[in-house]
Amino acid sequence: MNSETLIPKIGVVTDIRIDTPDVRTFRVVGLDGKKAFEHMPGQCAMLSMPGVGEAMFSITSSPTNTEYMEFSIKKCGCLTDWLHAMEVGQQITIRGPYGNYFPVETDLKGQDLVFIAGGIGLAPLRSVINYVRAKRGNYGKLQVIYGSRSKEDLVDYQEILDEWMADEGVEVNLTIDREEEGWDGHVGFVPNYVKELEPDLKSKVLVCGPPIMIKFTLAGLKELGFTETQVYTTMELRMKCGVGKCGRCNIGNKYVCKDGPVFRFDQLDELPDEY
Amino acid sequence: MQRIGVFVCWCGSNIAATVDVAAVSDTLKNEPGVVFSTNYQYMCSESGQNILKDAIRDYQLTGVVICSCSPRMHEATFRKAAAAAGLNPYMVEIANIREQCSWIHKDKAAGTEKAIILGRAAIAKVHLNAPLTAGESPVTKRALVIGGGIAGIQTALDIAEAGFEVDIVEKQPTIGGKMTQLDKTFPTLDCAACILTPKMVDCAQNENISIYAYSEVEEVKGFVGNFHVKIRKKARYVDTTKCTGCGLCTEKCPVKKVSNEFNLGLDNRRAVYIPFAQAVPKVATIDADHCNMLKSGKCGLCAKVCTAGAIDYKQKDEIIDREYGAIVVATGYQPIALDKYDEFAYSQSKDVVTSLEFERLTNAAGPTGGTLLRPSDGTHPHTLVFVQCVGSRCEDDGRGKSYCSKICCMYTAKHAMLVREKYPDTEVYVFYIDVRTPGKNFDEFYRRAVEEYGVHYIKGMVGKVAPRADGKLMVQACDLLANEQLHIEADMVILAAAIEPDPSARHLATMLTASMDTNDFFTEAHPKLRPVESPTAGIFLSGVCQGPKDIPETVSQASAAAAKAIGLLAKNKLTCNPCVAHSDEWMCNGCSACEKVCPYGAITYMDKEFRMPDRTTAIRRVASVNPAVCQGCGACTVACPSGAMDLDGFSNSQIMAEVDAICKMK
Amino acid sequence: MQEMMIAKARELLKSGAVQRVLGWKAGEFAYDVEPAVFESAQELEKSFVYNDFCGSNLSKYLIAQSRKEGKTLVFLKPCDTYSFSQLLAEHRIVRENVYAIGIPCQGKTDGETLKGKGFTGILSAQCEGDTFTVHTLYGDKTAARADVLPERCLNCKSKKHMIYDELLGEDGEVLDSHRFDMVEKLEKMTPDERFAFWRGELSRCIRCNACRNVCPACTCEKCVFDNDASGIAQKAAADSFEENMFHIIRAFHVAGRCTDCGECSRVCPQNIPLHLLNRKFIKDINELYGAYQAGEDPDAKSPLTDYTMNDAEPGIVYHRGGNQ
Amino acid sequence: MQNEMTTFKPKIVAFCCNWCSYAGADLAGTNRLTYPADVKIIRVPCSCRVNPMFILRAFQRGADGVIICGCHPGDCHYTTGNYYARRRMTLLFSMLDFLGIEKERTRVEWVSAAEGAKFAATMNDFVATVTKLGENKRLEDLRCKK
Amino acid sequence: MKQLSLEKLNDLFALIGQTEALYLPVDDAAGQAAYRRWQPGYTLSKALNTVRSAKDFFFPQTENLVDFKMQGKSIEVIDPRTEQENFVLFGVRACDARSFSILDKVFLADPVDTYYQSRREHGTIVTLACTRPEETCFCTVFGIDPAEPAGDVSCWIEENTLFMKANTPKGDALLTLAAPLLSEGGDDAVAAQQAATRSVLARLPLAKLSLDGMGGESMLKLFDSDKWAELSQACIGCGTCTFVCPTCQCYDIKDFNTGDGVRRFRCWDSCMYSDFTRMAHGNPRLTQRERFRQRFMHKLVYFPANNHGEYGCVGCGRCLSKCPVSMNIVKVAKALEGEVK
C-alpha cells in the first residue's frame, strides 16, 4: 500500500482501444514504463485528471499481466468525457489499489465458475476471467454469460471471440437485448438467458452489471436453486478517498471502497438496503 | 477536450508592427488543447481563409481562435470560412489584438504580452464553446410605416409597389404630414399640394396599402420578421365607412371657435372637422374636447344633418392587433417651441410668426386665402424681417439645438423670393449666420433671391424684436460685415425655428428598442454604410426622424428604407441569432425574476411534469425561452439566482474562463 | 394562545379542512423547540407548543408541505407572513394548499440568546408578564423580557400580518424600528474600520450553510455554491476570499427579496450578524429606489427587476456614506 | 516605496457591451488613442450580462480593478439592459464598500460607440486610480497569487 | 501534581509560546470561545467550551493535499507539505479529548492518514477539567469523566490556582519545560473539586440518557425504523451539527485551479448535504431522511459496530445548542429507544 495514500502517482496512457460507442479501454503504465502497482482481480484504482475530477475505476486487466494495467471506462460524466477525449501519451494520475478482491485464491479456488455480466459490468469480471484463464489448473469449468444492448455494445468482443472462446473448458454465452442484422446468437435479457442456460448448481457465480440486471439475475439464480453464499458481486458508489475515511461510500458499517467492492450476497443481506 | 487551432494575423504591419506575431503563435501553441498554431499576413484574405480551412480539415480542429482585428470587423468572415470547412461557425472566437492591442500600445513587449493574454482568454473560452445552430423564423410579409408624411407615404408606396402589404399609422386625422401645410417647395417653386396630394390619393387607392389615420402605435412586441403591434385607432365618432366627406356637418356644427391646428392656430375650425379639402381619408372627425354632444350630451346637430348616418357618438377607441415583418419609422419633425425666445417677441406679437405659420399665411388654402396679411390687423405688411437659425446651431443654452436644421436657409430664400415677387412693394431682410445651399440648384436659387429679387441678406443676428404700440416691430440687429447696429421698423418678423424630432418618437423608440441620439433622432446602424437601418433588426428609418432633411432627401431616403424593407420581406425565412438564453429546467425555481427583466417577452412559464430522481412525479413551474424571440442580452442570466438561466455563446463558465485567463499570474 | 391554536388546529383537522398542521414541538429543554408537522389531535396534545422560544420561521417548510396532497395549516407570526407572502410572489408555494393562521408575537428568544446573557445550565424557563425566570443547574435567575430578546426582536419591523386566512388575536402595526442603526453606524466608519469589522465577523464563518438553508429567500432548487458547473461552487472557505464571496453573493441573490426575518443571524453558530448584509441592501434600496420591503406588497415590483430612467449612477457609491 | 508604486502594474478587467462600449474601444483603437496595456477587455452582449460573480471572480484571480462599460442609459441595444446593470452594480459596489473594500476598484462607465476618446480617457483614468490604490489585498485569493 | 498561581498563567503561556505554538480558547467578537494562537494580552476564556471543537487542529476544515502542475500532456505531482511545527493545545475539555481517540480510529487505521498523523505527533494536548457542566452535557454517558480529563497533561483550575498533571511522556516534557514556574502539590484541592463537579454531573438532565440496544446488532432494525421520517422532517440539511461536532470526520476532496496549476485539497463535508453521495447517475440518499439517518446511524450504530461498541459521540452537547431547528442526537436516541427494546 502506498504510504501517502492520497498523493497519486503519474500514469501514462500508452494505448487507447475503442470498445463500443461509449466504452474505451485505456492502457496505463507508470512513468518508468512499468506497472504502476500490483493488484488482485476485482480491485480498483482512483484515476484522475487534476482539475477535472477523480473517480474509482475497476482494474480491467488481470494481475497476471505484468506489463501494464487496463481500464475499460464508459463515458458518463465530466471526468470520463475528458478521458475519452485524451490521446495516447497523455499523463493522468493514478492511486491504488483499493478495496478487496474476488477470493480467487481461497473460496473460488478449485471451483467451477460462472461469470454473469451485463454491459460495462464485464470490466471487473474480465480481470478475474483472465486471471483464472492464466491459472487454468486451479479452477474447474468456466462459463461466461455476457449480454449487452446490442452487438456493438459488447465490450472486449474481439478478445472474447479470439481468446476466451478458443480456450478449452471455457463456455461463452453471449446475448443481446434486441434482434439485429449480423447477429445470429442469442437474443434476450441476461437474467432470462441465465435461467435458460441453467448453470451448474455446484458453481460459484460472479455477477456484475446494472443494478436492475443484478437484481433479476439473483432472483433467477435462486429460482434455479443457487444460494446467496454462492454468488458474488462488485459494487459501485460515490467515492472520494478510496481508503474508507471520507465517509460517503458506506452501506451500513461497510465502506465499499475499503471493505468492498466485492461482496457475497449473504453479506449484503446483513447490511441495510441502501444501494 | 477541444482540438484548437490558433491563427495570428499580422494585418500587414497593423498588428505585426507592435505585436510579435510569431511569439504570440509560438506561445499559444503550448496552451492546453491547442494542436495547431500559426501566423499569417492577412488572415481575412482568401489565402488566409484557406489556411484556416485547411487546418480545420488537416488537424480535425474542433475550435478556432483567430487573433486579429475586432470581431465586429471579421467575425462573420471567419465563421463563414470555418463553416465552409465543416466546423460549426460558433466554434470560432476572435482575440481582438488590433483595435484593442496593437493600435493602442506602442511598446512591442507590452503589446505582445497583451496579445498573448487575449489569445489565452479566447482559447479558454473556445474550450467551453458548444456548436450552436441558428434557428429560423418565418417572415410576416407585411410592413408597418409609422408616420404618414411624405416620408411615410413614399416608403409605403414603394413597398406596396413591390407587391407587399403596407399599413400606414398616422396620428392625425389625415395623412400628408407637414408637407400639406407648405405652400411652394424649393428650389422649383412648384406647389406642395400639387405634388403631394396625388401621392396621398395613390396611397388611398393602392390595394396593398391600409391607412390607419387618427391612430397610434400602442405596443410593439416581437422581433424582426415577426413584430406584433397593437394600434390604437382613436375614436373619431364618425363611421369612416359611411362618411362621404361631404362636409355638411362641419358647416352646421355650432362650436366654431376651435383653434385650427392645420393652420397652426391662425384661424378656427368647428368641433367636427375635415383638416383640409384633400385630406386622405376624407372623412370628418369630431374633436371630443370641444363637441357639446360628447361633453354634455346636448346638441347632436351633426348627426341630424348627416345624410349618411355616419355620426356615432358612442364610438370607442379601438385596438387593432397586426403582425408585421418590418417596421419603418417616419415620424418626422416639428418646429421647436419658441416660448423661450422672448427676445423675438414671439409670444407678445401676433406679427412675429414662424416660417411654417408664414407658409400658411401665403397659402391659397390658408386662413388669408393666400393674401399676405398681418395676423394682428389684417393689413398688408411692407417690411418683413426673416431671422435664420432660431434655435439651430446654438450653444447649449437649454432652449435650442446644437445641430443645423438644414432646411431653413432654403425655405427662407423661397419665402423672401415669393414675397418680393408677389408684393414688389415690400422690403425683405434676411438675417443669417451662414447661408448653406449645398443641393442641386440650391445656390442658384438663393442667388436669384438676392440678385433677381433684391432680398436684403445681412450676416448677423437679430438681438431684439420690440413690438411698438403702433403695431410696428422694432428690430435691433447687427450687420457683422458692415460692423454696424441696425434698427429696422418691421411689419412682420418671420422666425426660422429649428426643427426637432416629433415628441412621440421617444416613446416609440423605447417600444421599438431602437436607439436614439441625444437629440432624439433615431440612430442609424451605421452613419455611412447603413443609413436607413436602425441597429435593431427589422426597424428602418425614413425621413427627418433620423436627422433634418429637405423633401428631395426625405423622398430618396424613404425609397431607400422601402428598398431595405422590401429586401427583408422578400425573404421567406430569417436566420435567428443562436446566442440566446436557455433555462436548465432542473435548476429553475419558477420565481419569474427572469421573465420580469426580459425586454422581449421571450420567457414564459409553464407547469411541467417531472420525473424526479426518487421515481415520483412532480409538477414544477419552470421557465422556457423562445429562441426566436430572445435577442441574447443576458439580463435574465443575472436575475436568476440559481444560475438555471444561461446564455449560449456567452455562458457564465465561458466568461469566467476568460476572466481567469486574463487574470492569470503568469 | 397555545390552547387556542391547538383547539383551532384540532377543529380544522377534524373537519378535514386541513390534512396536517405545521407548528412547533416541545423539546428536551425549555428552549429547544423544533418545527414540526402534526397530523392528528393526539400529536398536537402531546407536543404542540407555542411559547417564547418559537422563533423559527415556518414559511420555508411550506414549499415542500404545500406540494403534498391536501391542505396544510400553518401558524405564522407577523414576520413569517412577510416570508410567506414573498414566497407566494415567487410562486414557490401552492397557495391553495395552505391555510395560514396569523398569530401574535411579542418577540421570541432562544437558548443561544439566553446563554449569551449568562444563563448557563438551563433546566427550564418561564415568562410571566415581562419577567423571565430561568431555572438553572446553578440556581434560579430572572431577567426582564427585553433583556433576553435577540436583536431582531428588539428591532422588530412589524407586528402586522401581511397575509393570512384567519387571525388569532389582534393584528399589530408596522413599527418604526431602529433596524438600520447598526448599518448606519458601520457606514460612518472608515473603510479600514469596516474591513476590520467584517473580517473579524466573517472569518468565524464555518460554511455550515445554516444561514442559507434556513433562509426563506434561499430556496433555489440547486444553490450556485453547490453546483460544480456554476464555477463558484465551494464547500468550505479555503481562503478569506471565499468567506467574502459566499456572503456577498448570498446577500446579493436575496437582495430585494429578503424579508429581514433575521433567521440567518439566529441560526449562525458563530453569531455572525449576517442580517446586517441584508439590511444594507434593504437600506440602499430604500434610499436609492424608494421604500421597499419584500413581502409587504405582493404586487410591487422587486427593485432589482425594475428600474427608472433616472436611477442613481453606480458612481453614487463614491460620494455617499462612509469616510473616504 | 516610491519605486514600488511606479513599477506596480495593475490588472484591470473591463467588461464591455458589444454594441456601444466594445465598439467605442474599437474606435479608440482606430483613432490610435492609447491607454495602458493593463486593461483587458471581455466582450459581453450587454452590461446586464455582467454577473456580480464575474467581478468577484476577477478580484479572486488577481485583478486589481474591474470596470463595466455599457451603452448610455436609454441607448441600450436591448432597451433596458443597462438600467438593470446600473441598479445591480450600484448595489454591489455599495456592498463592497460596506465590507471595507476600496470602492475605487470598481467602476461603471457609459461609453457609446462614438466615444472612442472617452473610452481611452476613462481607461487612462481608471488605471491611474487603481495604480494609486496599489495591489488588491482585500478581495484577493492567496491561492491564486504566486 | 504540579501547581501554579493563576496570576502566573500568562507567564506559563509566554514560556510555552516561546518554543511552541500555543493555542487556547479565548472569547471572540461575539462573546463565544474559539481557539486562537496565544499572543500577549490573550486571556483564557471562561466559557465551558469552544464553538468549534478541537478537532480542527488535527483535521482542519481545509487542507492542501497535493499540488499538480500541468504542461502539455505531462503532470507534475508536488507534495505541498512543509515540516509540521510542534504545538500545544491548552484548555481542551474531556469530551474533545475523547474525540481524538475516536478520530484516531479512522485516520490512523490502515492506511494511515499521514496528514493527520503528523499533526497528532506534533501536538501536545493539555486538558482542563470542567466545573460547571451545562444541561446539554452528556459526556458521562460515554464514560467520560470531565473532572478527570484525559490528554497529555490534565489541568484543574480551582480558586486562584492551576493544577497540572502529566499523563504521557509528551506531557512530562511540557511540564519539564514549565518546571521553573511550577511547584508541587494540590491533590486535595483537585479531589475536592472533582467531588463537587461529579455531584453536578449526577444532576444533569441528560445524565441518564440510555443508549442500550444501539450498536451493530440493531443495524437493520434501526435502519428500517419508521421514526426517521418524523425525526428528519424539520432538518434543513445544513452542516452545523457536523461542523461543530468533534467526531464528525467526513471529508470531500476537491480540485482548485489556481491559474498556475491545480491544488487538490480536502475539506470537511457533511453527510447532511444533498450532494454528499450524489453521483453522475443518481444518489442513493435522495431525501433528507436518508441523509439524516446516515449521520445518526453512523454515530450510534455503524461506528460502534466497527469499533468494539464505542459510540461516535462524546456528549459535548454542541449540536444540542447549535442546531437551527433544535434537532439532535439526544432526541434521536430517545426516539429510537423504543425501537430496540
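Okay, let's start with a helix in chain E. The buried residues of helix α4 pack against four strands of chain E: β6 (87-92), β7 (123-128), β8 (153-158) and β9 (161-166). Before I go on, a reminder that this is a predicted model.

So which residues of α4 are buried? The helix runs over residues 169-178 of chain E, and the buried ones are E:Lys170, E:Gly171 and E:Leu174. If you look down the axis of α4(E), those buried residues sit within an arc of 100 degrees, so they line one face of the helix. Go round to the other side of α4(E) and you find E:Pro169 and E:Thr176, which are exposed.

Let me zoom out to chain E as a whole. Chain E has 11 helices and 12 strands. Its C-alpha atoms fill a box of roughly 65 × 60 × 40 Å along the principal axes. For 341 residues, a compact globule would have a radius of gyration near 20 Å, and the 22 Å of chain E agrees with that. Of those 341 residues, 54% are buried. And if you take the contacts in chain E with a separation of 6 or more, 70% of them are between residues 24 or more positions apart.

Now, who touches whom? There are 8 pairs of chains in contact, and chains B and D share the most contacts of these. Chain A and chain C have no contact joining them; their closest C-alpha atoms lie 10 Å apart. No contact joins chain A and chain D either, and there the closest C-alpha atoms lie 14 Å apart.

Chain E does meet chain A, though: 38 residues of chain E are in contact with 32 residues of chain A. Several elements of chain E give two or more residues to that side, including β4 (62-71), β5 (74-78), α2 (94-107) and α9 (288-306). Which element gives the largest share? That's β11(E), with 5 residues. By type, the residues on the side of chain E that touches chain A divide into 23 nonpolar, 8 polar and 7 charged.

Staying with chain A, let's look at one of its sheets. This is an open sheet of 7 strands with mixed pairing, and the order is β10-β9-β8-β7-β11-β12-β15. The edge strands are β10 (186-187) and β15 (262-264) of chain A, each pairing on one side only. Inside the sheet, β11 (residues 204-208) and β12 (residues 231-234) of chain A pair in the parallel sense over 3 bridges. One residue to click on is A:Val205, whose bridge partner in β12(A) is A:Val231. Helix α2 (residues 122-134) of chain A packs on this sheet, where it touches β7 (113-118), β8 (142-148), β11 and β12 of chain A. The direction of that helix makes about 155 degrees with that of β7(A).

Chain C has a nice strand to look at too. What is β1 of chain C like, residues 20-25? Mostly covered: 5 of its 6 residues are buried. β1(C) has a parallel pairing with β3 (residues 72-76) of chain C over 3 bridges, and an antiparallel pairing with β2 (residues 34-38) of chain C over 5 bridges. C:Val21 shows up in both pairings: its bridge partner in β3(C) is C:Leu73, and in β2(C) it stands opposite C:Phe38.

Next, some backbone oddities. Most residues other than glycine have a negative phi, and most peptide bonds are trans. In chain A, the peptide bond from A:Gly96 to A:Pro97 is cis, with omega near 0 degrees, and A:Pro97 lies in strand β6 (residues 91-98) of chain A. The bond from A:Gly260 to A:Pro261 is cis as well, with omega near 5 degrees; A:Pro261 is in the loop between β14 (254-255) and β15 of chain A.

Over in chain B, B:Ala345 is not a glycine, yet its phi is positive, about 60 degrees. It sits in the loop between β19 (333-335) and β20 (352-354) of chain B. Is B:Ala345 buried or exposed? Buried, because 20 other C-beta atoms lie within 10 Å. B:Asn441 also has a positive phi, near 65 degrees, but B:Asn441 is exposed, with 12 other C-beta atoms within 10 Å.

Last stop, B:Cys409, in helix α12 (residues 408-422) of chain B. B:Cys409 is buried, with 27 other C-beta atoms within 10 Å.

Key: Residues numbered from 1 in each chain as written. Chains lettered and ligands numbered in written order. Predicted model: local features only at pLDDT ≥ 70, side-chain atom pairs only at ≥ 80, totals over all residues. Arc of directions from axis to C-beta. Contact = placed C-beta atoms within 7 Å. Rg over C-alpha atoms; globule rule 2.2 N^0.38 Å. Nonpolar A, V, L, I, M, F, W, Y, C, P; charged D, E, K, R; others polar. Pairing = 2+ DSSP bridges. Axes fitted to C-alpha atoms, helices over the stretch in contact; angles between N-to-C directions.
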